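Work through the exercises below with the coordinates open. Try each task before reading its solution.

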Amino acid sequence: MSSPPTLLLIEDETRLRQVLARVLELEGYAVLQAPDARRGLQLLAEHAGEILVVLSDVKLPDGDGVALLPRYQAAAPLAEIILLTAYGTVPDGVRAMKQGAFDYLTKGDSDDQLVVVVARAVEKAQLRRRVAELEKQVGQPYTFEAMIGQSAALGKAKALAERVAPTDSTVLLEGPTGAGKELFAQAIHQASARRGKPFVAVNCSAFPKDLLESELFGYKKGAFTGALSDKKGLLEEASGGTLFLDEIGELDLAVQAKFLRVLETQEFTKLGDTRPTKVNVRLIAATNRNLRQEAAEGHFRPDLYYRLSVFELAVPPLSARPADVAPLAEHFLRLFAAKLRKRLPGFEPEALARLARYPWPGNVRELKNVLERAAILAADNQPLTVDDLPPEFQYLPAAAPTPPDPADRSLRAVEGRHIGQVLRETGGNKMEAARQLGISVKTLYRKIEEFGLGRE
């Protein structure tokens, strides 16, 4: 008999948490409970492989649920996140959904609604896990040749990575979140003599600071309360292969000192142990911070920075490689069409043009998420259209802006630009945009048509 799906409920009101947990348990779920964000993240780190859905209150005593979304997602990438609030607002809901929340519910609504939303989230999470397992079994190689794009910026980064890959040198990958730093790390590992050995990836921002040390280095039985048996750390798991530390700037200073010793001697001492443990591991680290500046300001150990920066490699953001947007978009569309069992024959020209003009602050990861959403909405056997894209794409200018001329200073031109800007800032929410503009929704629709601001 299979075990019941596991949920994590993070809610500071004890009575409400117990009632919600009981409702969900009666539906056949196993429910882990946490009274605050710290305990929730701890449980998520300990049970990431089991938890399918996280239900988190927005107003927690030690954090904001919307702001915590990236940490939940980093700790359990395959789980779905549902946010609960006693007083929901449209901007918070829009922000949560744009950041990848499955749903945003108001507490006090019927239990039936909660049960239905949780069931849908569980179903989606289970599907994501099955797809991830299938992809792992198929085993698409992480090679430089498999990287999609022909831009000069990507080519330069790949050429440098190919030069350092066969060595055992430490590599520091620098670049914004979502640019593909882990893909570069995987490709470097596959092009090295360590291919076939373990590649262990650790997101340092996904673990509470008091847990990360034990996860990296392991511990001996009795080292602390709850240490009921010896635990092998991730460093030992990676021995013979490569350890990839993502967001290394999040390492606590005390852990940094311990890690410096690993780089210098290839040995460390576990918590509760008296003898050193030897390893043979290559380190690839990644950061979206300026570690040189962090070291100068005392937030990062300078000696560790100099050890890490033997070979620094800048992974370019998607905004620096616009020529790669179209081939990446076509790749993701094919991927999601196959997963959804749809036939999606490419893009309408204007949809592809708008993808190319978008600035992509979330980089390749954001592009992937946009295409997953669009593939879900797209009609079967039809090209993907502008209407299938998220709201922020509806109000991109239809063509690249031209230099201003005297006519641009007219009141009509200023009005059109201002309405377009408010629509973009509200994510296409016409009711909120009309409220901010001080006009009726009916008038706003007329203005959208008049100024050609988007397709309905």
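**Exercise 1. Find the atoms that join Arg289 and Glu250, and place both residues in the chain.**

Solution. Start with the side chains: Arg289 and Glu250 form a salt bridge, 2.7 Å from N to O. The rule asks for a side-chain nitrogen of Lys or Arg within 4 Å of a carboxyl oxygen of Asp or Glu. This is a predicted model; local features need pLDDT of at least 70, side-chain atom pairs need 80 or more, and totals for chains, interfaces and linings use all residues. Residues are numbered from 1 along each chain as its sequence is written, and side-chain values use heavy atoms, without hydrogens and water.

Next, the positions. Arg289 sits in the loop between strand 15 and helix 11 (291-296). Glu250 sits in the loop between strand 12 and helix 10 (253-265). The two are 39 residues apart, so the pair links distant parts of the chain. Helices (H or I, at least four residues) and strands (E, at least two) are DSSP runs, numbered from the N terminus.

Then the exposure. Arg289 is partly exposed at 30% relative accessible area. Glu250 is partly exposed too, at 30%. The class lies between buried (under 20%) and exposed (over 50%), with a 1.4 Å probe and protein chains only.

**Exercise 2. Is Glu267 buried or partly exposed, and which residue is its salt-bridge partner?**

Solution. The partner is Arg261, with the closest N and O atoms 2.6 Å apart. Glu267 has 13% relative accessibility, so it counts as buried. Arg261 is partly exposed, at 40%. The total by the salt-bridge rule is 16.

**Exercise 3. Give the strand order of the five-stranded open sheet and name its edges.**

Solution. Read the order: 9-12-15-8-16, with parallel pairing. Strand 9 (199-203) and strand 16 (311-314) are the edges. Each has a single partner strand, so one side of each lacks a neighbour in the sheet. Neighbouring strands are turned by 20 degrees against each other on average, direction ignored. Axes are lines fitted to C-alpha atoms, for helices over the stretch in contact; angles run from 0 to 180 degrees between N-to-C directions.

Now take one pair. Strand 12 (residues 242-246) and strand 15 (residues 282-287) are joined over four bridges. Pairing requires at least two DSSP bridges. Thr242 has Arg282 as its bridge partner.

Finally, add the helix. Helix 6 (residues 152-164) lies across strand 8 (171-174), strand 15 and strand 16. Contact here means heavy atoms within 4.5 Å. The helix runs at about 155 degrees to strand 16.
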